[in-house]
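Work through the exercises below with the sequence and the 3D structure at hand. Try each task before reading its solution.

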Amino acid sequence: MKRKIWRQKDSSNINIKVGIRKAYLPEKAKVLDLFCGYGEIYQRVYKGNVQAYLGIDHLKIHDPELCRLIKNTVFVAHNDISEYNVFDLDDYGSPWMLLYLILKKRNLQDELTIFITDGLPLHLQMTGKVVKMISATESIPRNMVIPAMNRWYAQICSTMLLDIERRYGWKVFVAYL
Ligand SMILES: C[S@@+](CC[C@H](N)C(=O)[O-])C[C@H]1O[C@@H](n2cnc3c(N)ncnc32)[C@H](O)[C@@H]1O
């Protein structure tokens, strides 16, 4: 019997990711793609459909003219990101801290669209372990194990969005899960 080797795949759920982005891409989009990888989403959604595009990745890029090889947190911390109205956070993990970093730098008057691929529900399903972020927003001890905590992902997510509103004054108009 062959053993299946599990690896992170850039293209997992690619059709869903593409569908969501096509459905909610605003007109006159200026996209900062902070996990651009080899550009599957760029090819299928953004190419030819946006006013501006910049891809960021710390390991692999798809076009040296359009992308920069740098860690996304470093890029966001040290560059002017005020031009962009769409942020693509197609992470393997959970990009909430990066989202906080972005929102901290932006004006509350700006209307932003943010696409998030969040590995948190999978983490919660596999381990049931409370991560630092949930510990802070839900006020429960870090590393506590709550079986099937992934079933409360929608509520956990809502609390995080409320935390963003409370902390920085942002207003979340619509959030699709
Ligand atoms: C799910 S893949 C992105 C796939 C890509 N959106 C596409 O459409 O092909 C996640 C990517 O994030 C990159 N990445 C992970 N952590 C990063 C970080 N801190 N800064 C920049 N890139 C990062 C990885 O190198 C990988 O290419």
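**Exercise 1.** Decide whether Gly128 is buried, partly exposed or exposed, and state which residues Gly128 touches.

Solution.
- Step 1. Take the cut-offs: a residue is buried if 20 or more other C-beta atoms lie within 10 Å of its own, exposed if 12 or fewer, and partly exposed in between, with C-beta atoms placed from the backbone.
- Step 2. Apply them: Gly128 has 14 other C-beta atoms within 10 Å, so Gly128 is partly exposed.
- Step 3. Place the residue: Gly128 belongs to the loop between α5 (120-127) and α6. Helices (H or I, at least four residues) and strands (E, at least two) are DSSP runs, numbered from the N terminus.
- Step 4. List the contacts: not counting residues up to four places away in sequence, Gly128 touches Val145, Ile146, Pro147, Ala148 and Met149. Two residues are in contact if their C-beta atoms, placed from the backbone, lie within 7 Å.
- Step 5. Add a distance: from Gly128 to Asn143, 15 residues apart in sequence, the C-alpha to C-alpha distance is 8.7 Å.

Two notes apply throughout. The model is predicted: local features need pLDDT of at least 70, side-chain atom pairs count only at pLDDT 80 or more, and totals for chains, interfaces and linings use all residues. Residues are numbered from 1 along each chain as its sequence is written.

**Exercise 2.** Describe the surroundings of Ile146.

Solution.
- Step 1. Ile146 sits in the loop between α6 and α7.
- Step 2. Its count is 16 C-beta neighbours inside 10 Å, so Ile146 is partly exposed.
- Step 3. Leaving aside neighbours within four places in sequence, Ile146 is in contact with Gly128 and Val130.
- Step 4. Val130 is 16 residues away from Ile146 along the chain, and their C-alpha atoms are separated by 7.4 Å.

**Exercise 3.** Examine phi of Ser139 and of Ala148, and say whether these residues are buried or exposed.

Solution.
- Step 1. Start from the usual case: most residues other than glycine have a negative phi.
- Step 2. Phi of Ser139 is near 55°, a positive value in a residue other than glycine. Phi of Ala148 is also positive, near 60°.
- Step 3. Ser139 lies in the loop between α6 (132-138) and α7 (153-168). Ala148 is in the loop between α6 and α7 too.
- Step 4. Ser139 has 8 other C-beta atoms within 10 Å, so Ser139 is exposed. Ala148 has 9 C-beta neighbours inside 10 Å and therefore counts as exposed.

**Exercise 4.** Find which residues have the most contacts inside the largest nonpolar core, and where this core lies.

Solution.
- Step 1. A nonpolar core is a set of buried Ala, Val, Leu, Ile, Met, Phe, Trp, Tyr and Cys residues joined through C-beta atoms within 7 Å.
- Step 2. The largest such core has 24 residues, and Val31, Leu34, Tyr46 and Phe87 have the most contacts inside it.
- Step 3. At least two residues of this core come from each of β1 (30-33), α2, β2, β4 (86-90), α4 (96-105) and α7. The most come from α2, with 4 residues.
- Step 4. Domain 1 (13-118) and domain 2 (119-170) both give residues to this core, so the core lies between them. The domain bounds come from an automatic or database domain assignment.
- Step 5. Look at one member: not counting residues up to four places away in sequence, Leu34 touches Ile56, Asn72, Phe87, Asp88, Leu89 and Leu98.

**Exercise 5.** State how far apart the C-alpha centres of the two domains lie, and how many residues each domain gives to the contact.

Solution.
- Step 1. The C-alpha centres of domain 1 and domain 2 are 23 Å apart.
- Step 2. Domain 1 gives 9 residues to the contact, and domain 2 gives 9 residues.

**Exercise 6.** Identify the residues that come nearest to the ligand, and the elements that contribute to the shell.

Solution.
- Step 1. A residue is near the ligand if its C-beta atom, placed from the backbone, lies within 6 Å of it.
- Step 2. There are 18 residues around the ligand, of which Phe35, Gly37, Glu40, Ile41 and Asn72 come nearest.
- Step 3. Two or more residues of the shell come from each of α2 (40-46), β2 (52-57) and α3 (72-78).
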